[in-house]
Amino acid sequence: MSLFNPHKPDFAEYDAETRRIFEATIDFFEGKGKEWLLQQDRDRVWFDDFLEFQKQEKVFATLLTPSAQANGDPNKRWDEARVTKYSQILGFYGMSYWYVWQVTILGLGPIWQTGNEAVKRRAAQLLDDGEIFAFGLSERDHGADVYTSDMVLTPDGKGSYKANGGKYYIGNGNKAGMVSVFGRVEGLATGAKTQDGYVFFVADSKHPAYKLRKNVVNSQIYVAAFDLEDYPVREEDIIHVGSEAFDAAINTVNVGKFNIGFGAVGATQHIWHEGLTHADNRVLFDTKVTDFAQVRANFTESWVRLQAMDLFSERAVDYMRSGTADDRRYLLFDAIEKMTVSRQGARVYELIADCIAARGFENDMYYPVGAIAMMGLPRLEGTVHLNMALSLKFLQSYIFSPTDPSLALLAVRGKAGRVPDAAFAPAFKATRAAIRAAKPIGARLAAASPDLPPRRRDTADDTYLWNQGPTEGLSKVVFHDWRAVYAEWAELPNVKLMLEQVDAFQALLGATPLSKEQMRDLDLLLVVGDIFTTVAYGDLILQQAGISSIDDDLVDSIFEVLVGDVSAHALTLTRKPSLTNAQVKGANAIQRRPAFDAGRSERVWADARATSGTYSMNP
């Protein structure tokens, strides 16, 4: 069981300087108090107080400067374990504070990937000076479509360029000491097939040719629209050209979007404290609100989903930190952290809203501050649609991985000819069991499985994240044997049901594979992806449950929820008009009723309810 409590924080896994920064940040917000926090949000006050605090404490400089640019400071490094934990802390106190940190990370991404050492030195100095950064990618007419840009660099005939064009939806664009701007060079080809003309350069938001137009949102954060009008770009301001610029944009988003799930975890943990404590101390109709069956059910589900979010996120850090050119499994879990964890957070908000009702919208509650942000998190740094499309690139290599005998079965079936739809599913299940029992085959399959990464809370600098290279070859990423992870928990009723659902999912894809037309139907593929990514979500939850010695009651309750989610996705799949009758039957076969256990639910609820009143933000 894990629940962040600022009054009793546990940062034992981190080094002394990291603990100091985390604790100083808690002291800053608790010292200001809840009334100040809500007033600042309500009046849309810029973050001068917080930014002065982080400048004095060297927060951004310490946590966001790679060791290669640290000038000998042993506390500076890019360490995803502490970057994500800080994202969680800021999310706990307000997603606006998380946002100013988040877009600074994005702005630094192209800079830390460049070979332009002078720009890196400038960035490191700006961080030391307390400055923030911005990521100039999106444009009003093109969104985050990196293939298309109207920001154009025109050679001036003197070895430099003039930049002209607009950027839109650029966080921190009002105050950034350095803005990483994506564009193209006039006259050079750009597009999906050639990236010769792409360029990244750095701009100064204080330059007179940098025209700040407006804040495009009504919020405490500043999300800028700005234009560059004959902005002078020197050769030394250019940080990436050609395909390298394109890759830098994608890889920056890969690193930055990982923080979104952690912000969601922090925000949902705060409203858990606030919502449960309110409901557990309120009496209606001579009954404590938390004794009403529907309220208890909502809070129990919220608790279970929140624990699952935290378990997945903790384990995903290990994959991010252990990534290499030969092990890019992190890219799948990165996308799931962004889209699934943030959507789960939004679901928790919805469940708790039904428990606290109108109280949640009063002006002394944190709830409305987080509620607006939770609507946005799944839609930042690439929508759920884009991240699901990315995740689907891993479907075959994960679900039908070389370590899974089902892949061998499908290969045999492909050579033997198509098996009738009605006969394939039972044959698939029976034959796969036989393949598993064949030790020589099993040994070969096991040998192909990469190891699970160790827990990574060491003080290493995560240098690979800024050296990811070209964004290609994703379908060739090899995954571990996820079935072996599930097998360790298969005695739990709902884990067993999930495995049955995956068997049926594999049978659906194997017996009635999607046609070429269906493979172009993103509305259909998004639902297929929801089923697939729930399996991977459960994989890391189980891995972390073992590491953290989570009890069976909580794990089985998490999978009770996940079995229900997969069944709901399967039902949605049956309603897609492009499915054949055979595919509808296959989708129906995925559905399972979760295994319920009143005693287990009672024990989980008791653990959850025990957190009532354990934290309230200083007034």
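## Exercises on salt bridges

Asp 280 is buried, with 10% relative accessible area, in this predicted model.

**Exercise 1.** Find the salt-bridge partner of Asp 280, and say where the two residues lie in the chain.

*Solution.* Start from the side chain of Asp 280: it meets that of Arg 609 in a salt bridge, at 2.9 Å from N to O. Next, place both residues: Asp 280 belongs to helix H8 (residues 243-280) and Arg 609 to helix H23 (residues 598-609). They are 329 residues apart, so the pair links distant parts of the chain. Last, look at the partner's surface: Arg 609 has 24% relative accessibility and is partly exposed.

**Exercise 2.** Is Glu 314 buried or exposed, and which residue does Glu 314 pair with?

*Solution.* Buried means under 20% relative accessible area. Glu 314 has 14%, so it is buried. Its salt-bridge partner is Arg 455, with the closest N and O atoms 2.9 Å apart. Glu 314 sits in helix H9 (residues 293-321), while Arg 455 is in the loop between helix H16 (439-447) and helix H17 (482-487). Arg 455, at 28%, counts as partly exposed.

**Exercise 3.** Describe the salt bridge between Glu 229 and Arg 213.

*Solution.* First, the distance: the closest N and O atoms are 2.6 Å apart. Then the location: Glu 229 is in strand S7 (residues 223-233) and Arg 213 in strand S6 (residues 210-215), 16 residues apart. Finally, exposure: Glu 229 is partly exposed at 39%, and Arg 213 is partly exposed at 44%.

**Exercise 4.** How many salt bridges are there?

*Solution.* The count is 41.

Notes
Residues are numbered from 1 along each chain as its sequence is written. This is a predicted model: local features need pLDDT of at least 70, side-chain atom pairs count only at pLDDT 80 or more; totals for chains, interfaces and linings use all residues. Side-chain values use heavy atoms; hydrogens and water are left out. A salt bridge is a side-chain nitrogen of Lys or Arg within 4 Å of a carboxyl oxygen of Asp or Glu. Helices (H or I, at least four residues) and strands (E, at least two) are DSSP runs, numbered from the N terminus. Buried means under 20% relative accessible area, exposed over 50%, partly exposed in between (1.4 Å probe, protein chains only).
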